Amino acid sequence: MTTTAPLAEPIRVRGLQKSYKDLHVLRGVDFGVARGSVFALLGSNGAGKTTVVKILSTLLKADAGTATVNGFDVATRGAEVRESISLTGQFAAVDEILTGRENLVLVAQLRHLKHPGTIAADLLERFSLTEAAGRKVSTYSGGMRRRLDIAMSLIGSPPVIFLDEPTTGLDPEGRIEVWRAVRELAQHGTTVLLTTQYLDEAEHLADRIAILHHGRIIVTGTLAELKRLLPPAKVEYVEKQPSLEEVFLAIVGSEGKDANADLDRSAGLDGSTRLNGSTATDD
Ligand SMILES: Nc1ncnc2c1ncn2[C@@H]1O[C@H](COP(=O)(O)OP(=O)(O)OP(=O)(O)O)[C@@H](O)[C@H]1O
Ligand SMILES: [Mg+2]
């Protein structure tokens, strides 16, 4: 699997396993992501989403199984994989001392692109950061940093983009901006793998959704396919379609009720539901 020909599935994962000492986090993960689609990896805190993203972006080695990105095996063709991807990690990787514009220009220069200033200006505009462009990032809100971080990941137009919890900590408007940008990417043929704990994010954005639970993908499908797993519930005269949250809970069931996987329904200014209200610091 080392071809550079256009691939139907720029991300292919088969039998992926990973342990941290005694903790068997991934126990045989399988999935594929079609070109130009948005794939959401959904799971509770600690399910192993970041671990999958780290393996696919060559930051971590799997114990078993195979994964190819843009046709390159992550285990043997790391350099080519890294040239094919961009990764926006769970925690913003922007430089605090630089301004927003300087961060973008720096990345464009590192990628040897022409007209770094124009690239920066376009992205600042697209992510509503033009007014703040000349300010140091240390003065930005969490949401502004997040938007800048994602803008930086788009520089150079890599064919495959990994977004690890791209909208965690964003206000509703910030989330909508990010969603719009992600959709645009996919429309232009970029393949996007995102992880999220926001069920509504997966509902809005993803062409396909996979639920990672107890080390395996326990279900994959379009939102409509996932909803078909549950019969519509009748409430008086109104036929109600199950939400993704109900599908998730029916599949994951009461096992998800340990301290690590409680549903926190109170989270989110916008009334959205998260699988767990806390932000991970465990990796
Ligand atoms: N470097 C590490 N050493 C030991 N354990 C780790 C390490 N990285 C992750 N883990 C553990 O592996 C499990 C999976 O972690 P991972 O970060 O992949 O989960 P996640 O699904 O991304 O969670 P979250 O939603 O909280 O970001 C967790 O129990 C975590 O504590
Ligand atoms: Mg994570």
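How many bridges join strand 1 to strand 4, and in which sense do the two run? This is a predicted model, and in it 5 bridges join strand 1, residues 11–20, to strand 4, residues 64–69, with the two running antiparallel.

Let me go through the sheet. The order of its 4 strands is 2-1-4-5, the sheet is open, and the pairing is antiparallel. At the edges are strand 2, residues 23–33, and strand 5, residues 72–73, and each of these pairs on one side only.

Now the individual partners. Gln17 has Ala64 as its bridge partner in strand 4, and in strand 2 Gln17 stands opposite Arg27. Arg14 faces Thr66 of strand 4.

Strand 1 and strand 2 are joined over 8 bridges, again antiparallel. They form a hairpin with 2 residues between the strands, and Lys21 there has a positive phi near 50 degrees.

On to helix 4, residues 116–126. Which of its residues are buried? They are Ile119, Ala120, Leu123 and Leu124. These four lie on the same side of helix 4 because they cover an arc of only 130 degrees around the axis. The general background is that an α-helix has 3.6 residues a turn, so residues three or four places apart point the same way.

What covers that buried side? Helix 3, residues 100–110, and helix 5, residues 142–153, are included in the cover. The face turned away from the buried side carries Gly117, Thr118 and Glu125, which are exposed.

Last item: after helix 4 comes Ser128, with a positive phi near 55 degrees.

How values were computed: Residues numbered from 1 in each chain as written. Chains lettered and ligands numbered in written order. Predicted model: local features only at pLDDT ≥ 70, side-chain atom pairs only at ≥ 80, totals over all residues. Pairing = 2+ DSSP bridges. Buried ≥ 20, exposed ≤ 12 C-beta atoms within 10 Å, placed from the backbone. Arc of directions from axis to C-beta. Contact = placed C-beta atoms within 7 Å.
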